[in-house]
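Visitor: I am new to this structure and should be grateful for a guided introduction. May we proceed by question and answer?

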Amino acid sequence: MSVLDNLKKSIARDRLSHAYLFIGEKGVGKLNCAKTFAKLLYCQNENKPCGLCISCKQIEALKHPNVLYISPEGQNIKKEQIDRLEDEFSKSSLIPGKRIYIIDQADRMNTTSANRLLKFIEEPVNKDTIGILISENYAKILPTIVSRCQVLLFPSLTKKAVEEKLLEQGYSEALAHLIPYLSSNPDEAIAYIEKNSILDIIELIKSLGKAFIENESMVLYFNSNLGILYNNPENLGIFMKLIIVYFMDILYVKNGVKEIAFYEEEQTLIKIARKNSEEALLRVMDILLDCSCKLNYNVNQVLLIERALLEIERG
């Protein structure tokens, strides 16, 4: 049962909590769920939420008189923001119904604002108040706040779900299938495509695969394409993630696994898998994973990758 289904049941039974904590990865729909929850309480039509009435539109834009949205001002959520929340909810509303506040990135509250919110949760100025705190990690939230909320966990999106979202955005089938191996967050997946030379990086990895099977120099191919990797500081990291996925695909093919990321390269992957033992391929994976870990150190990243590719070439 989804989080929203649980909330709908609570509304139907009139057993709403005074405070909820939505926990889940970025991009799984926590804020959208909070909006839908508010719409269910305020929608003016029979088929709730209709998304068309004035209440639904106001909530979608976070401009409903009885729904207050709070997000970090600068680096943190400040005490003054919680003070404004309490002041606003102490006033009488012109519209009957629940008073709802949504605190996005609630883990960004500093100690002062967190303690102020705790007091507000424990002593609400309005008994019809419902709080929705949104965070990616409840461990970063004051434990006493967590204990006073009903915690609702949002599951990570599957690769298939992210792929479908990318297809909806008009990306090619091959790209939409591959990018979810980099991120299970749709927004982050789109950012990988839009902000990086992702197509060029994919082509580079395909060239390295062909060089590997033909006993040509992977280091040479890598060095001749350094311009691609220097276009964006993130590109080297993306390159490492994708080449690990590529060689993992080879292992999958060797073991008869049908679901692979680089499915357009299946014939090349099969050739590499046939030409190399599983032990040799596992050694390649060890080299790549070790290189990926060391990229986080203060090292010459290009030299580190060159050495890894050279080690793979030497077998």
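Visitor: Which residues of β1 are buried on one side, and which on the other?

Guide: The model is a predicted one. In a regular strand the side chains alternate between the two faces of the sheet. Strand β1 spans residues 19-23, and 5 of its 5 residues are buried, so the strand is largely enclosed by the rest of the structure. Both faces are therefore covered, one by Ala19, Leu21 and Ile23, and the other by Tyr20 and Phe22.

Visitor: In β5, which residue is the bridge partner of Ile23?

Guide: Strand β1 pairs in the parallel sense with β4, residues 129-135, over 5 bridges; there, Phe22 stands opposite Ile134. Strand β1 also runs parallel to β5, residues 150-153, to which 4 bridges join it. Within β5, the bridge partner of Ile23 is Leu153.

Visitor: How much space lies in the largest cavity?

Guide: A search of the whole structure for cavities of 30 Å³ or more finds 1. The lining of the largest cavity consists of His18, Tyr101, Phe120, Ile121, Pro124 and Thr129. By type, these lining residues are 4 nonpolar, 2 polar and no charged. The space in the largest cavity is about 40 Å³.

Visitor: Why are the buried residues of α7 placed on the same side of the helix?

Guide: In helix α7, residues 159-168, the buried residues are Val162, Glu163 and Leu166. They lie on the same side of α7 because the arc they cover around the axis is only 105 degrees. An α-helix has 3.6 residues a turn, so residues three or four places apart point the same way. For the buried residues of α7, the packing partners are α8 (173-178) and α9 (186-195).

Visitor: Which residue just after α7 takes a positive phi?

Guide: The place to look is just after the end of α7. There, a phi of about 95 degrees is found, and the residue that takes it is Gly170.

Visitor: Which element gives the largest share of the lining of the largest pocket?

Guide: The largest pocket has a volume of about 610 Å³. Of the 25 residues that line it, Lys26, Gly27, Val28, Gly29 and Asp187 are the closest to its centre. At least two lining residues each come from α2 (30-42), β4, α7 and α9. The largest share, 4 residues, comes from α2.

Visitor: How many residues of that lining are charged?

Guide: The lining of the largest pocket can be divided by residue type. The nonpolar residues number 7 and the polar residues 7, while the charged residues number 11.

Visitor: Which elements give two or more residues to the lining of the second largest pocket?

Guide: The second largest pocket has a volume of about 240 Å³. Among the 15 residues lining it, the closest to its centre are Phe212, Asn276, Ile312, Glu313 and Gly315. The elements that give two or more residues to this lining are α10 (198-213), α14 (266-275), α15 (278-294) and α16 (301-314).

Visitor: Is Ser183 buried or exposed?

Guide: Ser183 is located in the loop between α8 and α9. Leaving aside neighbours within four places in sequence, Ser183 is in contact with Val162, Glu188, Ala189 and Tyr192. Residues under 20% relative accessible area count as buried. Since the value for Ser183 is 5%, Ser183 is buried.

Technical notes. Residues are numbered from 1 along each chain as its sequence is written. This is a predicted model: local features need pLDDT of at least 70, side-chain atom pairs count only at pLDDT 80 or more; totals for chains, interfaces and linings use all residues. Side-chain values use heavy atoms; hydrogens and water are left out. Buried means under 20% relative accessible area, exposed over 50%, partly exposed in between (1.4 Å probe, protein chains only). Two strands pair if DSSP finds at least two bridges between them. On a 1 Å grid over the protein atoms alone, a cavity is a set of points where a 1.4 Å probe fits but cannot get out, and a pocket is an open set with protein on both sides within 12 Å along at least five of seven lines; lining residues have an atom within 4 Å of a point. Grid points are joined across faces, edges and corners, and a volume is the space filled by probe spheres set on the points. Ala, Val, Leu, Ile, Met, Phe, Trp, Tyr, Cys and Pro count as nonpolar, Asp, Glu, Lys and Arg as charged, and the others, Gly among them, as polar. The arc is that of the directions from the helix axis to the C-beta atoms. Contact means heavy atoms within 4.5 Å.
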